Amino acid sequence: MQSDTPTVQTSGPATQPNSLDSEWFRISDIPEGSARLVGNVAVFNVAGHLCATQAKCPHKYGPLIEGHIAGSTVTCPWHGSEFDVCTGAVLRGPAVKPLQTYRVVVEGERARVENMQQTDAK
Ligand code: FES
């Protein structure tokens with residue numbers, strides 16, 4: 001007697017050849033002096049060193065990856081607060097709260113952000 005339990009098939013390999021797991025990104029996607037959003041974290045390439053911070057300015061939530069980047073300093077595009085993206089320190093207000101920073105793990109030509117929050121909904 002046959003069981004009428006349906007057969008469940010899982011599709012293909014976990015990763016596709018030309019794609020990365022969502023938490024990994026290609027280092028080459030973030031050229032020196034630029035920034036990119038990875039999940040809800042901003043990743044900055046400071047002279048070949050990757051620094052990750054919260055994506056939104058702690059003042060009024062301006063999008064930091066759209067700010068001017070000079071060395072390790074990003075200027076918030078909304079009201080001009082400046083932060084060191086590698087330490088999170090406030091260099092110039094009106095923001096007073098430092099940026100949350102995250103460790104970036106590099107593996108070959110790819111990297112991921114450690115302890116990245118899944119959501120920042122509050
Ligand atoms: S939102 Fe960034 S300085 Fe105001």
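**Leu 64, the cores and the β5–β8 sheet**

Outside its neighbours within four places in sequence, Leu 64 contacts Phe 44, Thr 53, Gln 54, Ala 55, Lys 56, Cys 57, Val 74, Cys 76, Phe 83 and Leu 99. The model is a predicted one, and Leu 64 serves here as the point of entry to its interior.

Leu 64 belongs to the largest nonpolar core, which has 14 residues. Leu 64 is listed among the members with the most contacts inside this core, together with Phe 44, Val 46, Cys 57, Val 74, Phe 83 and Val 85. Of these, Phe 44, Cys 57, Val 74 and Phe 83 also appear in the contact list of Leu 64. Strand β3, residues 41–46, supplies the largest share of the core, with three residues. A second core is separate and holds eleven residues, including Ile 30, Val 41, Val 43 and Val 104.

The chain as a whole has eleven strands and zero helices. Of its 122 residues, 34% count as buried. Among contacts with a separation of 6 or more, 39% join residues that are 24 or more positions apart. The exposed surface of the chain comes to about 8200 Å², and carbon and sulfur atoms supply 48% of that area.

Part of the strand content is arranged as an open sheet of four strands, in the order β5-β6-β7-β8, with antiparallel pairing. The edges are β5 (68–70) and β8 (90–92); each has a single partner strand, so one side of each lacks a neighbour in the sheet. From one strand to the next, the twist averages 25°.

Within this sheet, β6 (residues 73–75) and β7 (residues 82–84) run antiparallel and are joined by three bridges. Thr 75 has Glu 82 of β7 opposite to it. Val 74 and Phe 83, already met as core residues, fall within the residue ranges of β6 and β7 respectively.

Both Thr 75 and Glu 82 are touched by Arg 92, as are Gly 80 and Ser 81, when residues up to four places away in sequence are not counted. Arg 92 lies in strand β8, one of the edge strands. What is the exposure of Arg 92? The relative accessible area of Arg 92 is 44%, so this residue is classed as partly exposed. Arg 92 and Gly 80 are twelve residues apart in sequence, and their C-alpha atoms are 7.8 Å apart in space. A polar atom of the Arg 92 side chain lies 2.8 Å from the backbone oxygen of Gly 80.

How values were computed:
Residues are numbered from 1 along each chain as its sequence is written. This is a predicted model: local features need pLDDT of at least 70, side-chain atom pairs count only at pLDDT 80 or more; totals for chains, interfaces and linings use all residues. Side-chain values use heavy atoms; hydrogens and water are left out. Two strands pair if DSSP finds at least two bridges between them. Helices (H or I, at least four residues) and strands (E, at least two) are DSSP runs, numbered from the N terminus. Axes are lines fitted to C-alpha atoms, for helices over the stretch in contact, and angles run from 0 to 180 degrees between N-to-C directions. Buried means under 20% relative accessible area, exposed over 50%, partly exposed in between (1.4 Å probe, protein chains only). Contact means heavy atoms within 4.5 Å. A polar contact is a pair of N or O atoms within 3.5 Å; within protein, one must be able to donate a hydrogen and the other to accept it, and residues adjacent in sequence count only if both atoms are side-chain atoms. Accessible areas come from the Shrake-Rupley method with a 1.4 Å probe; for residues, only the protein chains shown count as cover. A nonpolar core is a set of buried Ala, Val, Leu, Ile, Met, Phe, Trp, Tyr and Cys residues joined through side-chain atoms within 4.5 Å.
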